[in-house]
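Look at the chain below before reading on. Find its helices, then follow the charged side chains.

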Amino acid sequence: MVGGEAAAAVEELVSGVRQAADFLEQFRSYSESEKQWKARMEFILRHLPDYRDPPDGGGRLDQLLSLSLVWANHLFLGCSYNKDLLDKVMEMADGTEVEDLPQFTTRSELMKKHQS
C-alpha cells in the first residue's frame, strides 16, 4: 500500500511540473534558443510563487516575466541596465547555473583600451 501511495505522490508531482512547463511555454520568445529558454524558465519557476497575480489582477506575473527577460538579455546578449535593476535580477538568479555563457566587452571597456 505504501508503494502505491508513493507512486501516486510522484505521479502528482510529475503532473504538476508538466502543467507548470506547459503554462510557461506560452511566454517563450520565438527567438530564444533552448539553452536560453531553459535558463529563463528556471528563473521564472524559482520565483513564480512570489509573483502570482492576486485575484484582482495586479500584473505581478508580468513583472516577473520582465525581470526574467532583463536577466536573460544581460546574460546571453550582453545588454546593460540600471545598476539597481541588474543587482536585483542577479540576486534573484543566485544559484541558477548556466554553462558556456558568451563573453562580452562593454563599451566602457573598449573605450578604456582605445585610450591607453
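## Helices and the model

Helices are DSSP runs of H or I at least four residues long, numbered from the N terminus. That is how helix α4 gets its name and its range, residues 83-92.

This is a predicted model. The chain has five helices and zero strands. From the N terminus on, the order of elements is α-α-α-α-α. The chain is more spread out than a compact globule, because its radius of gyration is 19 Å, well over the 13 Å that the globule rule gives for 116 residues.

## Overall size and surface

How big a box do the C-alpha atoms fill? Along the principal axes, the box is roughly 75 × 35 × 25 Å. The accessible surface of the chain is about 8,500 Å². Carbon and sulfur atoms account for 53% of that surface.

Of the 116 residues in the chain, 23% are buried. Now take the contacts between residues at least 6 apart in sequence. Among these, 49% join residues at least 24 apart.

## Charges and salt bridges

The chain carries 13 positive and 20 negative side chains. The centres of these two sets lie 8 Å apart. How many salt bridges does the structure hold? There are five.

Start with a network. Salt bridges link Glu-25, Arg-28 and Glu-34. Within this group, Arg-28 pairs with Glu-25, and their closest N and O atoms are 3.9 Å apart. The cut-off for a salt bridge is 4 Å, so a pair at 3.9 Å counts. Arg-28 is partly exposed, at 26% relative accessibility. Glu-25 is also partly exposed, at 39%.

## Two pairs inside helices

Arg-46 forms a salt bridge with Glu-42. Their closest N and O atoms are 3.8 Å apart. Both residues lie in helix α2, which covers residues 34-47. They are four residues apart, about one turn of the helix. Arg-46 has 33% relative accessibility and counts as partly exposed. Glu-42 is partly exposed too, with a relative accessible area of 33%.

Helix α4 holds another pair. The side chains of Asp-87 and Lys-83 meet in a salt bridge, at 2.7 Å from N to O. How far apart are Asp-87 and Lys-83 along helix α4? They are four residues apart, so about one helical turn separates them. Asp-87 is partly exposed at 38% relative accessibility. Lys-83 is exposed, with a relative accessible area of 58%. The line between these two classes falls at 50%, so Lys-83 at 58% is called exposed, while Asp-87 at 38% is called partly exposed.

## A buried residue in helix α2

Turn back to helix α2. Gln-36 has its place there. Is Gln-36 buried or exposed? Gln-36 counts as buried, because its relative accessibility is 17% and buried means under 20%.

Which residues touch Gln-36, leaving aside its neighbours within four places in sequence? Gln-36 is in contact with Ser-31 and Phe-76.

## Residues in the loops

Tyr-30 sits in the loop between α1 (2-25) and α2. Tyr-30 is exposed, with a relative accessible area of 83%. Compare its place with that of Arg-46. The two are 16 residues apart in sequence, and their C-alpha atoms are 22 Å apart in space.

Asp-94 belongs to the loop between α4 and α5. Asp-94 is exposed, at 61% relative accessible area. Phe-43 is 51 residues away from Asp-94 along the chain. In space, the C-alpha atoms of Asp-94 and Phe-43 are separated by 9.4 Å.

Asp-100 is also in the loop between α4 and α5 (107-115). With 66% relative accessibility, Asp-100 counts as exposed. What is the phi of Asp-100? Phi is near 55°, a positive value in a residue other than glycine. Most residues other than glycine have a negative phi.

Definitions and conventions:
Residues are numbered from 1 along each chain as its sequence is written. This is a predicted model: local features need pLDDT of at least 70, side-chain atom pairs count only at pLDDT 80 or more; totals for chains, interfaces and linings use all residues. Side-chain values use heavy atoms; hydrogens and water are left out. Buried means under 20% relative accessible area, exposed over 50%, partly exposed in between (1.4 Å probe, protein chains only). The radius of gyration is taken over C-alpha atoms; the globule rule is 2.2 Å times the number of residues to the power 0.38. Contact means heavy atoms within 4.5 Å. Accessible areas come from the Shrake-Rupley method with a 1.4 Å probe; for residues, only the protein chains shown count as cover. Lys and Arg count as positive and Asp and Glu as negative; His and the chain ends are not counted. The place of a charge is taken as NZ of Lys, CZ of Arg, CG of Asp or CD of Glu.
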